[in-house]
Amino acid sequence: MTDNNCIFCKIAAGEIPSATLFEDEKFRVILDVGPAAKGHMLILPKDHYADICEMPEDLVGEAFKLAKKMAEKQQRVLGCDGINVLQNNHEAAGQTVFHFHIHLIPRFKKDKINIGWKPGELSEADRDELLTSFQES
Ligand code: 5GP
Ligand code: ZN
């Protein structure tokens, strides 16, 4: 279940070398080549799924379990003050490599990393519409 045109398939399979921090039958954890911070890592499943919606539920669960394990290790090894666990799906959400992956970005107080948005306001109309449409679907 790999895609010949996918760079993360090749990295996960070990066909392209990577700085690997962890590997088992199903996953490879690598250092990001364009890190937001020192220790920025990516969790890659070895099978190809473009995004979270395509991936089997159990494997998504296992990926996030591994994210917790690696986040704890980041805290121990790097002594970071926080960690962003980030997972982008589709171009509109900032995904650039279309093979599911989880980012783990170590954070330090007063670092200059910007992962944010300007908070809007939840209107009563939006709230009611969303409560209805999500309950109905
Ligand atoms: P996305 O924007 O899809 O959520 O994240 C893709 C990430 O993959 C980026 O942070 C980018 O730096 C990283 N990346 C892209 N190509 C490679 C590569 O060949 N090797 C590694 N280690 N990271 C890569
Ligand atoms: Zn792939």
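In the predicted model, N88 is placed in the loop that lies between β4 and β5. Because its relative accessible area is 17%, and buried means under 20%, N88 counts as buried. Not counting residues up to four places away in sequence, the residues touched by N88 are A93, G94, Q95 and H103.

The two strands that flank this loop belong to an open sheet of five strands, in which the pairing is antiparallel and the order is β1-β2-β3-β5-β4. Strands β1 (20–23) and β4 (82–86) each have a single partner strand and stand at the edges, so that one side of each is left without a neighbour in the sheet. From one strand to the next, the twist averages 15°. Helix α2, comprising residues 57–78, packs on this sheet and touches β1, β2 (27–31), β3, β4 and β5, while its direction makes about 20° with that of β5. Within the sheet, strand β3 (residues 41–45) and strand β5 (residues 102–107) run antiparallel and are joined by three bridges; M41 has L104 as its bridge partner in β5.

In soluble globular proteins, nonpolar side chains tend to be buried together. In the present model, the largest nonpolar core contains 15 residues, of which I43, M55 and M70 touch the most other members. At least two residues of this core are supplied by each of β2, β3, α2 and β5, and the most is given by α2, with six residues. For M55, when its neighbours within four places in sequence are left aside, the contacts are with P45, Y49, V60, A63 and F100. Another core, of eight residues, lies apart from the one described above, and includes C6, F8, A12 and L42 among its members.

Empty space in the model was also examined. The largest pocket has a volume of about 260 Å³, and of the 19 residues that line it, F8, I30, D32, V33 and L42 are the closest to its centre. Residues F8 and L42 are thus found both among the members of the eight-residue core and among the lining residues closest to the centre of the largest pocket. Helix α1 (7–13) and strand β2 each supply at least two residues of the lining of the largest pocket, and α1 gives the most to this lining, with three residues.

Methods
Residues are numbered from 1 along each chain as its sequence is written. Chains are lettered from A and ligands numbered from 1 in the order in which they are written. This is a predicted model: local features need pLDDT of at least 70, side-chain atom pairs count only at pLDDT 80 or more; totals for chains, interfaces and linings use all residues. Side-chain values use heavy atoms; hydrogens and water are left out. Two strands pair if DSSP finds at least two bridges between them. Helices (H or I, at least four residues) and strands (E, at least two) are DSSP runs, numbered from the N terminus. Axes are lines fitted to C-alpha atoms, for helices over the stretch in contact, and angles run from 0 to 180 degrees between N-to-C directions. Contact means heavy atoms within 4.5 Å. A nonpolar core is a set of buried Ala, Val, Leu, Ile, Met, Phe, Trp, Tyr and Cys residues joined through side-chain atoms within 4.5 Å. Buried means under 20% relative accessible area, exposed over 50%, partly exposed in between (1.4 Å probe, protein chains only). On a 1 Å grid over the protein atoms alone, a cavity is a set of points where a 1.4 Å probe fits but cannot get out, and a pocket is an open set with protein on both sides within 12 Å along at least five of seven lines; lining residues have an atom within 4 Å of a point. Grid points are joined across faces, edges and corners, and a volume is the space filled by probe spheres set on the points.
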